[in-house]
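Colleague: I've got some questions about how you label things in this model. Mind if I go through them with the picture open?

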Amino acid sequence: MATNAATNAAGRKPETQLALVRRARKMNRILAETYPDAHCELDFRNPLELLVATILSAQCTDKRVNMVTPTLFAKYPTVEDYAAADREEMEEIIRSTGFFRAKTNSIIGMAQAVCDRYGGEVPAKLKDLVTLPGVGRKTANVVLGNAFGVPGLTVDTHFQRLVRRFGWTDETDPVKIEHVVAELLPKREWTIFSHRVIWHGRRICHARRPACGVCPLAALCPSYGTGPTGQAEAQKLVRSGPFS
């Protein structure tokens, strides 16, 4: 297991694995109480729509994706429609999400692969999903956890930042982070924990100035004090969704 960077940096004795597991699970329980409504903030009705929306969410906010997908989903209701899509028409619809040419390539390529290799049905296994154009482990775990009910950890930038701040790991590679966190929490919690930590990263534990003074995890977080600890100042940093 990776060393506990936060506690080591402070010159304290590293936690045992058992102590880290206990602390991690307590933090998860607090996040569950803080964000009882945590969920995937991308709008979708089926696995295909979630897969497309997640591809679009790269380097883009969920709010922006949700503004684009109603038109996209209406124009391309089936995977065959995406596979046969006119590239310029799709680019125009998704232009505001950024990197629209690359995303168009990924969506059309993904759809063609689903048609050719999986009979037109989005596969429900990680090993199959990650073979599709534009689909890495993060995207695959989003789809598995939220469309198929298969537990998975969504290691996005919020997730990576927060678990390092929590002192759970000092790894920087997303796959290694995923494996470390998987050892700390029950498998059944993986998907919902991902939502909770992403919500916390968007609302309180910001990259530059986390709102430490109002953070429900303050007593368990070795990075407490990274942001303002005064309640009044910290409260001004708290954000609410949807996120633009």
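Colleague: In what order do the elements of the protein run from the N terminus on?

Modeller: They go α-α-α-α-α-α-α-α-α-α-α-α-α. That is 13 helices and 0 strands. Bear in mind that this is a predicted model.

Colleague: How do you know that the radius of gyration agrees with a compact globule?

Modeller: For 244 residues the rule gives a value near 18 Å, and the protein has 19 Å, so the two agree. The C-alpha atoms fill a box of roughly 60 × 35 × 30 Å along the principal axes.

Colleague: What share of the 244 residues counts as buried?

Modeller: 50% of them. The accessible surface comes to about 11,800 Å², and 51% of that belongs to carbon and sulfur atoms.

Colleague: And among contacts between residues at least 6 apart in sequence, what share joins residues at least 24 apart?

Modeller: That would be 59%.

Colleague: How many positive and negative side chains are there?

Modeller: 33 positive and 25 negative, with the centres of the two sets 9 Å apart.

Colleague: Let's get to single residues. Why is Leu 153 called buried or exposed?

Modeller: Its relative accessible area is 2%, and buried means under 20%, so Leu 153 is buried. Leu 153 is found in the loop between α9 (137–147) and α10 (157–165).

Colleague: Which residues does Leu 153 contact, leaving aside neighbours within four places in sequence?

Modeller: Asn 141, Phe 159, Glu 178, Val 181, Ala 182, Trp 190, Phe 193 and Ser 194. With Ser 194, the C-alpha atoms are 5.7 Å apart in space, although the two residues are 41 apart in sequence.

Colleague: Two of those partners interest me. What makes Asn 141 buried or exposed?

Modeller: Asn 141 has a relative accessible area of 4%. The cut-off for buried is under 20%, so Asn 141 is buried. Asn 141 lies in helix α9, and its contacts beyond four places in sequence are Leu 126, Gly 152, Leu 153, Thr 154 and Glu 178.

Colleague: And Phe 159, why is that one called buried or exposed?

Modeller: Phe 159 comes out at 0% relative accessibility, so it counts as buried. Its place is in helix α10. Leaving aside neighbours within four places, Phe 159 is in contact with Leu 153, Thr 154, Ile 177, Val 181, Phe 193, Ser 194 and Val 197.

Colleague: How far apart are the C-alpha atoms of Phe 159 and Leu 126?

Modeller: They are separated by 19 Å, with the two positions 33 residues apart along the chain.

Colleague: Over to His 206. How do you know whether it is buried or exposed?

Modeller: His 206 has 6% relative accessibility; set that against the under-20% limit, and His 206 counts as buried. His 206 lies in the loop between α12 (190–203) and α13 (231–235).

Colleague: What does the side chain of His 206 reach?

Modeller: The backbone oxygen of Arg 203, at 3.2 Å. A polar contact needs a pair of N or O atoms within 3.5 Å, so that distance of 3.2 Å falls inside the limit. Not counting residues up to four places away, His 206 also touches Arg 161, Arg 165, Gly 201, Leu 237, Val 238 and Arg 239. His 158 is 8.3 Å away from His 206, C-alpha to C-alpha, at 48 residues in sequence.

Colleague: Why is Asp 62 called buried or exposed?

Modeller: At 13% relative accessibility, it counts as buried, because the label applies under 20%. Asp 62 lies in helix α4 (residues 62–75) and is in contact with Glu 41, Leu 42, Ser 57 and Arg 202, leaving aside neighbours within four places.

Colleague: What about Gln 59, buried or exposed?

Modeller: Exposed means over 50%, and Gln 59 has 68%, so it counts as exposed. Gln 59 lies in the loop between α3 (47–56) and α4.

Colleague: What makes the phi of Gln 59 worth a mention?

Modeller: It is near 55 degrees, a positive value in a residue other than glycine. Most residues other than glycine have a negative phi. Phe 99 also has a positive phi, about 50 degrees, although it is not a glycine.

Colleague: And why is Phe 99 called buried or exposed?

Modeller: Its relative accessible area is 56%, and the cut-off is over 50%, so Phe 99 is exposed. Phe 99 is found in the loop between α6 (87–94) and α7 (100–118).

How values were computed. Residues are numbered from 1 along each chain as its sequence is written. This is a predicted model: local features need pLDDT of at least 70, side-chain atom pairs count only at pLDDT 80 or more; totals for chains, interfaces and linings use all residues. Side-chain values use heavy atoms; hydrogens and water are left out. Helices (H or I, at least four residues) and strands (E, at least two) are DSSP runs, numbered from the N terminus. Buried means under 20% relative accessible area, exposed over 50%, partly exposed in between (1.4 Å probe, protein chains only). Contact means heavy atoms within 4.5 Å. A polar contact is a pair of N or O atoms within 3.5 Å; within protein, one must be able to donate a hydrogen and the other to accept it, and residues adjacent in sequence count only if both atoms are side-chain atoms. The radius of gyration is taken over C-alpha atoms; the globule rule is 2.2 Å times the number of residues to the power 0.38. Accessible areas come from the Shrake-Rupley method with a 1.4 Å probe; for residues, only the protein chains shown count as cover. Lys and Arg count as positive and Asp and Glu as negative; His and the chain ends are not counted. The place of a charge is taken as NZ of Lys, CZ of Arg, CG of Asp or CD of Glu.
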